[in-house]
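Work through these short exercises with the structure open beside you. Try each task before reading its solution.

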Amino acid sequence: MPHHTSARHTRLIAALATVAALALAGCSASGEGTGTDASGATIEHAFGETTVPAHPERVVTLGWGSADAALALGVVPAAIEAQSYGGDENGVLPWIAERVNELDAKVPEVVPSSSEEPAYEDIAAVRPDLILAPYSGITKEQYELLSDIAPTVAYPDKPWNTPWRDVVTIVGEALGKQSEAKSVLADIDATLKRTASEHPEFEGLTVAAVWDVAGTFYVYRPADARVGFLFDLGFTGAPAVENLANGDSTFYYTLSYERLGEIDSDVLVSFSDTEGEATAFLAKPYARAIPAVASGAVAAITGTQLVAAVSPPTALSLTWGLDAYVTALSEAAAHAR
């Protein structure tokens, strides 16, 4: 542990030294001081509040969905965090690449991502004037270190728990594009409302969303954005999902295979990386104990790109994956009890 802490401390010092060097280089190159530009919005979040620049020009996005929100608002980030799940060989998600192309821009620089800590040196090298992480897992210490690089906006409450609509709103406020954010949300809500009206078979059906991976069975709660997406389409929450949570306060919980028969819902949405994994799951005795599996009312969402697009959705991915998602849900609803 001491060795790990020392190594981490060394990396952080190096990152902050890089920030200072780049800042000095920037001032020297321009021949001007930092100036007294008016500040932009002050945004409250889990670690306090952040006053952002009035006109940020070099934005770095971390976590999930904030790059999508910025692009939906017409702002191309200077750098985005790599997404290994669903992304291409460079860590760029397909809907990101498509939107950048629509804006006739270049794909932003991609900084490495890690479940342990942000890539401070890579982020500092981009020389950002704003860091957006409203749907992320950064800790208070990491937030403070990122704030030494540039004003940083964290999540409003809990890590990895910000509704996708709130991500759009927060990013819109940070970028001074509140009206554009409202327009983006209105367009998406209209799409969802139209889709729900085209699929009245969803109305009132109870749903449970699950993922069986690496020997662990995950159940997603109503607070999770991917479940909220299903509610937007007309489904309702299965009471069993909350009843089995056992007081867990997160957006998901794990369930022992012996209890899967208690997941009583009209439709089951299951996520899998491949068709083979989806088929293997449905063939397991513990899966066949689930009522929706027994009735054939399963929407098997497969493939890393589609899974990433809908779990949870973003300002760009929601519409990108909507048709395929709705097709799978409709086929499952046809078998609902």
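**Exercise 1.** In which sense do strand S8 and S12 pair, and over how many bridges?

*Solution.* The model is predicted: local features need pLDDT of at least 70, side-chain atom pairs count only at pLDDT 80 or more, and totals for chains, interfaces and linings use all residues. Residues are numbered from 1 along each chain as its sequence is written, and side-chain values use heavy atoms, with hydrogens and water left out.
- Find strand S8 at residues 206–213. Strands (E, at least two residues) and helices (H or I, at least four) are DSSP runs, numbered from the N terminus.
- S8 and S12 pair in the parallel sense, over four bridges. Two strands pair if DSSP finds at least two bridges between them.
- Check one bridge: Val-210 has Ser-270 in S12 as its partner.

**Exercise 2.** Find what else pairs with S12, then decide whether its residues are buried or exposed.

*Solution.*
- Strand S13 (residues 298–302) runs parallel to S12, joined by five bridges.
- Here Leu-268 faces Val-298 of S13.
- Now look at the side chains. Val-267, Val-269 and Phe-271 point one way, while Leu-268, Ser-270 and Ser-272 point the other way. All are buried (under 20% relative accessible area; exposed is over 50%, partly exposed in between; 1.4 Å probe, protein chains only).
- Six of the six residues of S12 are buried, so the strand is largely enclosed by the rest of the structure.

**Exercise 3.** Trace the open sheet of five strands and name its edges.

*Solution.*
- The order is S5-S4-S3-S6-S7, with parallel pairing.
- S5 (109–111) and S7 (152–153) are the edges; each has a single partner strand, so one side of each lacks a neighbour in the sheet.
- S4 (residues 79–81) pairs with S5 over three bridges. One of these matches Ile-80 with Val-110.

**Exercise 4.** Which residues of H7 and H14 meet?

*Solution.*
- From H7 come Ile-188, Thr-191, Leu-192 and Thr-195. From H14 come Leu-318, Thr-319, Leu-322 and Val-326. Contact means heavy atoms within 4.5 Å.

**Exercise 5.** Which residues touch the most other members of the largest nonpolar core?

*Solution.*
- A nonpolar core is a set of buried Ala, Val, Leu, Ile, Met, Phe, Trp, Tyr and Cys residues joined through side-chain atoms within 4.5 Å.
- The largest has 65 residues, and Ile-96, Leu-233, Val-269 and Ile-301 touch the most other members.
- H14 gives the most to this core, with eight residues.
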